[in-house]
Amino acid sequence: MKYRKKPVEIEAVQLTRDNWDEVVSFTNGAAQNLTIERRPDGKCTCVIPTLEGDHTASEHDYIIKGVKGECYPCKPDIFEQTYERVES
């Protein structure tokens, strides 16, 4: 059998080293442990508690708020293949 994903609008924010306050607010304080490596091209990561346990989000990953308010990270390439921006 084949299935199609139901069209559902989601909320998301992209993690960058400059928007930690926005990420924390978006996740209602759930995002934790922002780390930025001390070098020009250093990685930026944080921990997102999910229903399946803690997941690490890397810089430029999207943090998605699911249909029940749960948050989880998504890699940019998967996000862009799966979602399109909705004008409000």
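# A tour of side-chain contacts

Select Glu37, Arg39 and Asp41: a network of salt bridges links these three residues. The model is a predicted one. Within the network, Arg39 pairs with Glu37, and their closest N and O atoms are 3.3 Å apart. Colour the two by accessibility. Arg39 has 46% relative accessibility and therefore counts as partly exposed. Glu37 has a relative accessible area of 36%, so it is partly exposed.

**The other salt bridges**

How many salt bridges does a search of the whole structure find? The search finds 4. Select Glu59 and Arg17 next. Their side chains meet in a salt bridge, at 2.7 Å from N to O. This pair links distant parts of the chain, 42 residues apart: Glu59 is in the loop between β4 (53–58) and β5, while Arg17 is in the loop between β1 and α1 (20–26). Arg17 is partly exposed, with a relative accessible area of 29%.

Now select Asp61 and Lys75, whose side chains form a salt bridge with an N to O distance of 3.1 Å. Here too the pair links distant parts of the chain, 14 residues apart: Asp61 sits in the loop between β4 and β5, and Lys75 in the loop between β6 (71–74) and α2. Is Asp61 buried or exposed? Its relative accessibility is 3%, so Asp61 counts as buried. Lys75, with a relative accessible area of 40%, is partly exposed.

**The aromatic cluster**

Select Tyr62, Phe79 and Tyr83, and show the rings. Ring pairs link these three residues into a cluster. The count of aromatic pairs comes to 2. In the pair Tyr62 and Phe79, the ring centres are 3.8 Å apart and the planes are at 5°, so the pair is stacked. Tyr62 belongs to strand β5 (residues 62–65) and Phe79 to helix α2 (residues 76–82), so this pair ties together parts that are 17 residues apart in sequence. Both Tyr62 and Phe79 are buried.

Turn to Phe79 and Tyr83. Their ring centres are 5.0 Å apart and their planes are at 35°, so this pair is tilted. For Phe79 the relative accessibility is 12%, so the residue counts as buried. For Tyr83 it is 22%, and Tyr83 therefore counts as partly exposed.

**Lys65 and what lies around it**

Stay in strand β5 and select Lys65. Which side chain of opposite charge is nearest to Lys65? That side chain is Glu11, 4.9 Å away; Lys65 is buried yet has no salt bridge. A salt bridge needs a side-chain nitrogen within 4 Å of a carboxyl oxygen, so the distance to Glu11 does not qualify.

Add Phe26 to the selection. The charged end of Lys65 sits over the ring of Phe26, 4.5 Å from the ring centre. The backbone of Phe26 takes part as well: its oxygen lies 2.8 Å from a polar atom of the Lys65 side chain. To see the surroundings, show Ile10, Glu11, Phe26, Asn28, Glu70 and Cys71, which Lys65 touches when residues up to four places away in sequence are not counted.

**Two asparagines with positive phi**

Asn28, among the residues that Lys65 touches, is worth selecting by itself. Where is Asn28? Asn28 is in the loop between α1 and β2 (32–36). Its phi is near 55°, a positive value in a residue other than glycine. Most residues other than glycine have a negative phi. Asn28 has a relative accessible area of 67% and is therefore exposed.

Move on to Asn33 in strand β2. Asn33 is not a glycine either, and has a positive phi of about 55°. With 52% relative accessibility, Asn33 counts as exposed.

**Thr45 across to Thr35**

From Asn33, step to Thr45, which is in strand β3 (residues 44–50). What does the side chain of Thr45 make a polar contact with? The partner is the side chain of Thr35, at 2.7 Å. Apart from neighbours within four places in sequence, the contacts of Thr45 are Asn33, Leu34, Thr35, Thr56, Ala57 and Ser58.

**Last stop: Lys6**

Finish with Lys6, in the segment before β1 (11–14). Lys6 has a relative accessible area of 70%, so it is exposed. Draw a distance from its C-alpha atom to that of Asp21: the two atoms are separated by 31 Å, and the residues are 15 apart along the chain.

Terms used: Residues numbered from 1 in each chain as written. Predicted model: local features only at pLDDT ≥ 70, side-chain atom pairs only at ≥ 80, totals over all residues. Heavy atoms only, no water. Phe/Tyr/Trp six-rings, centres within 6.5 Å; stacked < 30°, edge-to-face > 60°. Helix = DSSP H or I, 4+ residues; strand = E, 2+ residues; numbered from the N terminus. Buried < 20%, exposed > 50% of the residue type's maximum accessible area, 1.4 Å probe, protein only. Lys NZ or Arg CZ within 6 Å of the ring centre and 35° of its normal. Lys, Arg positive; Asp, Glu negative; His and termini not counted. Polar contact = N/O pair within 3.5 Å; in protein donor to acceptor, adjacent residues only side chain to side chain. Contact = heavy atoms within 4.5 Å.
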